[in-house]
Amino acid sequence: MKSCTGKFTPIMQWMYFDAVECLPEDDDSSLNAETCSLRNCRYDGQIAVFGTALQERLSQLKYFLVGAGAIGCELLKNFAMMGLACGEGGELTVTDMDTIEKSNLNRQFLFRPWDVTKMKSETAAAAVKQMNPNIRVNPHQNRVGPETEKVYDDDFFEALDGVANALDNVDASM
């Protein structure tokens with residue numbers, strides 16, 4: 001994704017990365033010059049490769065991210081940069097019941113020293129909103145488990161397109 005976003009384009013260097021398996025296998029593909037033409041938007045790199053239909057679908061996804069620590073920060077950044085949940089009907093719900101500690105700052109890049117003692121999910125949501133103002137992110141501070149079955153019930157999960165687990169320790173996953 002880094003080459004599609006253009007965020008980390010090296011100066012005077014070349015890198016070739018082949019991921020042809022990402023493209024449709026059928027010959028009757030919806031990818032053509034019109035659907036892959038540039039739109040003068042932040043997603044032009046992705047649109048050029050995958051087309052406007054996929055970009056539109058990404059923007060409408062409803063996703064649930066559990067954990068806003070080191071793994072969660074990376075996922076949130078990637079989701080924001082690729083346009084996930086940035087369109088009409090899209091939503092990214094992120095939950096983490098933890099607060100930011102000073103020891104988090106060296107590996108959780110969305111947090112700054114002045115964020116210490118703040119809630120991870122709220123701070124991370126605000127940080128990715130600065131990266132992409134169109135992202136529709138909804139921070140929660142809940143543990144996912146029996147005690148929150150009324151919050152994260154069947155209706156909640158059935159409305160989702162995907163769930164990402166960003167928990168980095170056994171205690172948090174139990």
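The largest nonpolar core of this predicted model has 27 residues. Leu65, Leu76, Leu92, Leu110 and Ile135 are the ones with the most contacts inside it. Where do the residues of this core come from? Helix α4, strand β2 and helix α5 each supply at least two of them, and the largest share, 5 residues, comes from α4. This fits a broader pattern: in soluble globular proteins, nonpolar side chains tend to be buried together.

Leu76 makes a good place to start exploring. Which residues does Leu76 touch, once its neighbours within four places in sequence are left aside? The answer is Leu65, Leu92, Val94, Leu110, Ala124 and Val128. Apart from the core around Leu76 lies another core, of 5 residues, and Phe64, Val66, Tyr152 and Leu160 are among them.

Now let us turn to the charged side chains. A search of the whole structure finds 6 salt bridges, and the table shows some of them.

| Salt bridge | Closest N to O distance |
|---|---|
| Glu74 and Lys77 | 3.0 Å |
| Arg136 and Glu88 | 3.6 Å |
| Arg143 and Glu147 | 3.6 Å |

Take Glu74 and Lys77 to begin with. Both lie in helix α4, which spans residues 70–82. They sit 3 residues apart, about one turn of the helix. Are these partners buried or exposed? Glu74 is partly exposed, with a relative accessible area of 32%, while Lys77 counts as buried at 9% relative accessibility.

The bridge between Arg136 and Glu88 links distant parts of the chain, with the two positions 48 residues apart in numbering. Arg136 is found in the loop between α5 (120–131) and β3 (137–140), and Glu88 in the loop between α4 and β2 (91–95). Glu88 is exposed, with a relative accessible area of 64%, whereas Arg136 is partly exposed at 36%.

What about Arg143 and Glu147, which also form a salt bridge? Arg143 counts as partly exposed, at 26% relative accessibility, and Glu147 counts as exposed, at 54%.

Finally, have a look at the cysteines. How many disulfides does the structure hold? It holds 0. Cys22 is partly exposed, with a relative accessible area of 46%, and Cys41 is partly exposed too, at 32%.

Definitions and conventions:
Residues are numbered from 1 along each chain as its sequence is written. This is a predicted model: local features need pLDDT of at least 70, side-chain atom pairs count only at pLDDT 80 or more; totals for chains, interfaces and linings use all residues. Side-chain values use heavy atoms; hydrogens and water are left out. A disulfide is a pair of cysteine sulfur atoms within 2.5 Å. Buried means under 20% relative accessible area, exposed over 50%, partly exposed in between (1.4 Å probe, protein chains only). A salt bridge is a side-chain nitrogen of Lys or Arg within 4 Å of a carboxyl oxygen of Asp or Glu. Helices (H or I, at least four residues) and strands (E, at least two) are DSSP runs, numbered from the N terminus. A nonpolar core is a set of buried Ala, Val, Leu, Ile, Met, Phe, Trp, Tyr and Cys residues joined through side-chain atoms within 4.5 Å. Contact means heavy atoms within 4.5 Å.
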